[in-house]
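Hi,

Here is the structure I promised to pass on to you. Could you have a look at it alongside my notes below?

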Amino acid sequence: MDLRHLRYFVTVAEEKNFTRAAEKLFIAQPPLSRQVRQLEEELGVNLFVPGARPLELTEAGTFLYAHATQLLIKASDVKTMTRRIGCIHGTLNIGYVASTLYGFLPEIIRKFKKEAPELSVVWHEMGSVQQLEALKTGKIDVGFGRLRIEDAAIRRILLREEKLMAALPVEHSLTQKQGQLSLLDLVEDTLIVYPRDRRPSFADQVLSIFADYGLKPANVMEVRELQIALGMVAAGEGVSIVPTSLYGLRRNDVQYMALSDVQAVSPIIMSVRNMDPSDSLRAILDVVYQVYDSKSISYTRESL
């Protein structure tokens with residue numbers, strides 16, 4: 001059983017007709033029928049119900065179809081990623097979510113460019129979900145995001161769990177409270193979350209943290225991006241939850257307060273293609289560890 005057999009079978013299953021499938025595959029119908037029969041003989045089962053018109057999958061055929069489609073997708077991903085790895089000769093494409101620019105990422109890239117001056121760096125702003133597809137298609141070589149998303153083709157390296165904090169209007173009554181706030185303190189306010197598009201995103205991460213504590217904000221306002229969220233907070237339209245690395249933004253009209261809830265954290269995740277042996281990726285990971293060591297921040301050290 002090879003990928004060609006699987007591709008032929010999947011096309012016939014989706015078209016429910018050998019003639020249409022043959023046209024789609026740009027082959028004659030008799031060879032296509034023979035290929036499918038050979039696959040059935042090799043497996044020892046009928047994949048299509050005999051005599052059914054339009055074609056109908058048997059139970060075994062339904063099982064094979066579900067797995068064959070995934071195998072074909074994975075094979076295509078591997079092909080694309082292998083081509084990309086063979087073409088890295090001077091450019092490192094980095095995907096990032098905007099909030100990571102307020103942390104250590106700029107310092108990491110500055111240091112990386114000094115240690116690898118022969119490589120040029122190209123930046124691509126994109127959400128964590130979009131980074132996975134961009135890695136598989138070769139648009140980027142490494143991604144820095146905040147969502148834990150499982151994908152067999154992608155390797156995630158957890159760099160750290162960043163504490164979250166509350167962003168409040170400067171005249172909000174909670175700014176007079178001594179000590180830390182809790183999420184419970186905020187549920188009656190309008191919660192401003194971002195980004196509105198490219199979901200799931202940091203917005204869903206924040207809402208899920210509330211849900212983990214059995215809490216539901218009284219009102220949620222979704223905005224396009226971080227800067228708009230902070231602007232709405234400054235205007236007194238609500239409160240927001242943001243990473244602590246944003247502490248220096250709009251200090252004149254936004255009050256930041258720490259949160260006591262232990263689950264109020266957001267991961268910083270570096271994503272790369274699984275089993276990518278590129279020297280450039282090893283180099284950037286080494287720089288990541290150098291920067292984190294210099295900040296005395298705990299993390300789990302991994303190698304590529």
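A word on terms before the pocket: helices (H or I, at least four residues) and strands (E, at least two) are DSSP runs, numbered from the N terminus. This is a predicted model, in which local features need pLDDT of at least 70 and side-chain atom pairs count only at pLDDT 80 or more, while totals for chains, interfaces and linings use all residues. Residues are numbered from 1 along each chain as its sequence is written, and side-chain values use heavy atoms, with hydrogens and water left out.

Now the pocket (on a 1 Å grid over the protein atoms alone, an open set of points where a 1.4 Å probe fits, with protein on both sides within 12 Å along at least five of seven lines; lining residues have an atom within 4 Å of a point). The largest one has a volume of about 410 Å³, taken as the space filled by probe spheres set on the points, which are joined across faces, edges and corners. Its lining has 24 residues, and Ala98, Glu125, Tyr194, Pro195 and Arg198 are the closest to the centre. Helices H6 (128-137) and H8 (226-234) each supply at least two lining residues, and the largest share, three residues, comes from H6. By class, the lining of this pocket has 11 nonpolar residues, six polar and seven charged. Here nonpolar covers Ala, Val, Leu, Ile, Met, Phe, Trp, Tyr, Cys and Pro, charged covers Asp, Glu, Lys and Arg, and the others, Gly among them, are polar.

On to the salt bridges (a side-chain nitrogen of Lys or Arg within 4 Å of a carboxyl oxygen of Asp or Glu). The count is 12. One of them joins Arg273 and Asp141, at 2.9 Å from N to O. This pair links distant parts of the chain, 132 residues apart: Arg273 is in strand S9 (residues 265-273), and Asp141 is in the loop between H6 and strand S3 (142-145).

Are these two partners buried or exposed? Buried means under 20% relative accessible area, exposed over 50%, and partly exposed in between (1.4 Å probe, protein chains only). Arg273 is buried at 1%, and Asp141 is buried at 0%.

Glu161 and Arg148 form another salt bridge, at 2.2 Å from N to O. Glu161 is partly exposed at 36%, and Arg148 is partly exposed at 48%.

Best wishes
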